[in-house]
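Reader: I'd like a close look at one part of this model, the largest pocket. Could you walk me through what lines it, and then set the second largest pocket beside it?

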Amino acid sequence: MSTTTLAAPILVNTAGVHARPGLGRLVAVELRKMLDTRAGFWLQIAMVALTVVAVVVRLLVGDAADHTFQSVINVGLQPSAVLLPVLGILLVTSEWSQRTGLITFALVPMRSRVLGAKILASLVLAVAMLAICVAVVAAGVLVSSPGVEGTWSDAAPLIGQSAFNLTVATLVGVALGAILLAPAPAIVLLFALPTGWMAIVSLPVFSGVAPWVDYAHALGQMTEYVVSPTQWAHVGTSLVIWMVIPLLIGARRITRGDVTA
């Protein structure tokens, strides 16, 4: 006759198993997504490399009097200003382009939290790239023109305006990606639409309206010099058209639309 031996039960700590992930964890996940994909990784490498190249070339050309922080940072920020919106598009469309939407929204059913994490992650990346750009520009200016008068004039407001420029430009990319939910058409629209819009508003009949609706020109001024209150108003009104409204439309589509495998 055989005897049955009952194994002792294994105690498992299930505390917090059903708790939803915090916003900080979601942001960390979205930041990792930008590094794990080839496109995101190489775009970030390209931004840093192009920033260094642009700053070095700018400092090798022209007189020492032209190598001020104001003139160099305008050149050094251009690679990030162009490529950060592309990263924003890739980030917000990743659930559809990589077909991970069902998994992501099953783990985090409240889609607005996922979108919020993507927006915060894009802002963190924009601030990080700003810090890298400012460090590269400052190092180059220190080496090339240490004794030039007025080298560091308006440095603080220009850094603040540059931070606004990069973060807002990234959010414009996020907004376009949220509307289309496909990276290729969103990237094409990112570059084609402002160019076509600029051609339209450059007509004489729109001369009085153009500064209020052309966000590319309004943001471009923020890395060149300290803008006036009127120019800030131009930036604000143009961003309502190009960032706020598209982001609201995209948020509604993400939170209300169907997700397929």
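**The largest pocket and its neighbour in rank**

Author: Start with the lining: 27 residues surround the largest pocket, and Val29, Glu30, Lys33, Glu95 and Thr104 are the ones that lie nearest its centre. Keep in mind that this is a predicted model. The space inside the largest pocket comes to about 560 Å³.

Now for where those residues come from. Five helices each put at least two residues into the lining of the largest pocket: H1 (23–36), H2 (38–60), H4 (78–92), H5 (94–97) and H6 (101–107). Among these, H1 gives the largest share, with 7 residues. As for chemistry, the lining of the largest pocket is a mix of 13 nonpolar, 8 polar and 6 charged residues.

On to the second largest pocket, which holds about 410 Å³ of space. Its lining has 18 residues, and Ala81, Val82, Ala169, Tyr215 and Ala216 sit closest to the centre. Two or more lining residues come from each of H4, H8 (155–180), H9 (183–201) and H11 (215–220). Here H9 makes the largest contribution, at 5 residues.

So what about charge in that second lining? By class, the second largest pocket is lined by 13 nonpolar and 5 polar residues, with no charged ones. Put next to that, the largest pocket has 6 charged residues in its lining. One element to keep an eye on as you turn the model is H4: this helix supplies at least two residues to the lining of the largest pocket, and two or more to that of the second largest.

Conventions:
Residues numbered from 1 in each chain as written. Predicted model: local features only at pLDDT ≥ 70, side-chain atom pairs only at ≥ 80, totals over all residues. Heavy atoms only, no water. 1 Å grid on protein atoms, 1.4 Å probe; cavity = no way out; pocket = protein on both sides within 12 Å on 5 of 7 lines; lining within 4 Å. Points joined across faces, edges and corners; volume = space filled by probe spheres on them. Helix = DSSP H or I, 4+ residues; strand = E, 2+ residues; numbered from the N terminus. Nonpolar A, V, L, I, M, F, W, Y, C, P; charged D, E, K, R; others polar.
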